[in-house]
Amino acid sequence: MALELKNTSLKELAKLYDYISMCTHCGNCKYGYEWGKTANFAAMLCVQGDKFHFDSYRGSRGKSAIAKGLLSNKLQWSDAVAHVLFTCTGCGACQQMCETDIKPYILRMFEALRSEAWKQNVAIPEGIKKWSSTIGVNRNPYLEKHENRLDWLPSSIRSSLPKKAEYIYFAGCTASYRQKNVALATVKLLQKLKVDFTVSEDEWCCASPLLRTGQYDLAKEFVEHNKELPEKYGASGFITTCAGCYRTLSRDYKMDPPEGYTDKFGKMENVKVIHTIQLIEEMLNKGEIEFTGSFNNTVTYHDPCHLGRHAEVYEAPRNVLKAIPGVNLVEMYRNRKFSFCCGAGGGVRGGFADYSLETSAKRVREAESTGASVLTSTCPFCWRNLTDAIEMIKSPLKMVDIVEIIEPIVKRK
Ligand code: SF4
Ligand code: SF4
C-alpha cells in the first residue's frame, strides 16, 4: 500500500518522503551478514537492537516504520517513540546492510526524526537537553568554558605555532576538554613530522553532536563559524584526530541534500579535510617517515563508526599499524564495515550513560577475545567510552590512540 503523506507539518521528515517510501521492510538492516567470498559472516551489529530487542529498535526498519506512521498520521508522538529515536547511536550498520534506494538517506532520516521530536512534547533525554541548553554559550557539549578550550596546549608549543599555515589542526571538543592526551600527542607528532599547521584560537564544536541529535538551528551557527577559519589562517585544509569531526567537516559541511545539509548552512568549498591517520599513511607511502623505535605489542583496532562506515576509511589505520615495528595486528570478528559501535555516538553517551557503557563493555570483551594486550583506535570519543568500559569491567586491555603509539617512535626523514 502506498504511503500517504498526510502530516505535512513534519517538514524535515516530509522532505525525505520519497526516500522513506522506498523502504520495503525487508529487514536486511537488522543483522550484519555476508555469504560466500572468503568465509561466511553473521553477527548482530545494531547496538540498539542488541540492548532493547523489540523490532522498532532493531536497525532502520523500525525507524522507517515510525517515519511512515508519523507522516501518514497512523502513529502519534509519544515518549516511547522518542526512546526508540534517541537510543540509536547512528553507527550506520543498518545503512551498510540496506540494499534498496533508501540506503544513502537512512542516517539522515534518523536525524530528521529527531529534529521533529524536539518540536513535540515528548521525552528528550535529560542529558542531551542539559548540554544543548549551554552549547550556544560554551561552544562545546561538555559544559566547559569556551575560554578554556586551548588549556590542553602547552604555552611553549602555542607560542611556536605560525599565524598562517597550510593546515589547521581541528582538535574537537573531546580532545580539547577530556582526552587532552590525544590532542597533545597529535601536535607533537605533527611538529615532529614537520607538517605546516597551526591551531585556531577560536575553534568551536564541529556541530556533530547537534546534527546527530537533530538540532539544526543551533548547528547552523557552528558550521558557519568554523567554515570561515581556513580563510582566517590562510589554510587550505583541516587535520582532525577525531572521527566525529572528520565525518562532520568532510561530509556535513560539504554534501548537498537530501544526504547533506548545505541547503541549511551553505557549502564549505575548496577546503581539504584529512584525518591524522590518512596524513601519516600518505607520508609513509612517500617514504617521508622513519621509525626510531618499536611498539612490541599485540594490538587490535576498533573502527570508529564515523571514520569507518560513515567515511569508508578502513585500511589507512591498519596500514599504519602494520608499518610500526613490533606491532602484531589482530582483528576482532566484527571489523571494518561489520564493526560494532563503542556505544557513544548519536548523543547516547550523554543521554543514556549506563547503556552506552554496557555497549562499550561488549566491544572491550570482543577485543579481549583476540588475545591483544592493546586496544587502539583513531577517535578520542571512542577512546573515552572504551577506556571507561575497560575500567568498569577491570579489563587487562590498555587503550591507546594510534597517534600516541607513533609519536614517541617516529621522525621525519
Ligand atoms: S531500511 Fe533497507 S534494509 Fe531496512 S527494511 Fe528498509 S529497505 Fe530493508
Ligand atoms: S544506526 Fe546503528 S544503532 Fe542505530 S538502528 Fe542502525 S544499526 Fe542500530
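This report describes the surroundings of two ligands, one helix pair and one sheet in a predicted model.

**Ligand shells**

Ligand 1 is surrounded by 16 residues, of which C23, N28, C29, R61 and C98 come nearest. Helix α4, spanning residues 59-71, supplies the largest share of this shell, namely 4 residues.

Around ligand 2 there are 14 residues, and those that come nearest are C46, C88, C91, A93 and C94. Two or more residues of this shell are given by each of the elements α3 (47-52), α4 and α6 (93-97). Among these contributors, α3 gives the most, with 3 residues. Helix α4 thus appears in the description of the shell around ligand 1 and in that of the shell around ligand 2.

The table sets out the class composition of each shell.

| Shell | Nonpolar | Polar | Charged |
|---|---|---|---|
| Ligand 1 | 7 residues | 8 residues | 1 residue |
| Ligand 2 | 7 residues | 7 residues | no residues |

**The pair α21 and α22**

Helix α21 (residues 353-368) packs against helix α22 (residues 380-392), with an angle of about 80° between them and their axes 8 Å apart. Because angles of 65 to 115 degrees count as roughly perpendicular, α21 is described as roughly perpendicular to α22. On the side of α21, the contact is made by S356, L357, S360, A361, R363 and V364. The residues of α22 that take part are N385, L386, D388, A389, I390 and M392. By class, the residues of the contact of α21 with α22 comprise 7 nonpolar, 3 polar and 2 charged.

**The four-stranded sheet**

An open sheet is formed by 4 strands in the order β9-β8-β10-β11, and the pairing is parallel. The edge positions are held by β9 (327-330) and β11 (398-401); each has a single partner strand, so one side of each is left without a neighbour in the sheet. Ignoring direction, neighbouring strands of this sheet are turned by 35° against each other on average.

Strand β10 (residues 374-377) runs parallel to β11 and is joined to β11 by 4 bridges. Within this pair, T376 has V400 in β11 as its bridge partner. Helix α19 (residues 315-323) packs on the sheet, where α19 touches β8 (297-301) and β9. The direction of α19 makes about 145° with that of β9. Strand β9 is therefore both an edge strand of the sheet and one of the strands touched by α19.

Note on methods
Residues are numbered from 1 along each chain as its sequence is written. Chains are lettered from A and ligands numbered from 1 in the order in which they are written. This is a predicted model: local features need pLDDT of at least 70, side-chain atom pairs count only at pLDDT 80 or more; totals for chains, interfaces and linings use all residues. A residue is near a molecule or strand if its C-beta atom, placed from the backbone, lies within 6 Å of it. Ala, Val, Leu, Ile, Met, Phe, Trp, Tyr, Cys and Pro count as nonpolar, Asp, Glu, Lys and Arg as charged, and the others, Gly among them, as polar. Axes are lines fitted to C-alpha atoms, for helices over the stretch in contact, and angles run from 0 to 180 degrees between N-to-C directions. Angles under 35 degrees count as roughly parallel, over 145 as roughly antiparallel, 65 to 115 as roughly perpendicular and the rest as oblique. Two residues are in contact if their C-beta atoms, placed from the backbone, lie within 7 Å. Two strands pair if DSSP finds at least two bridges between them.
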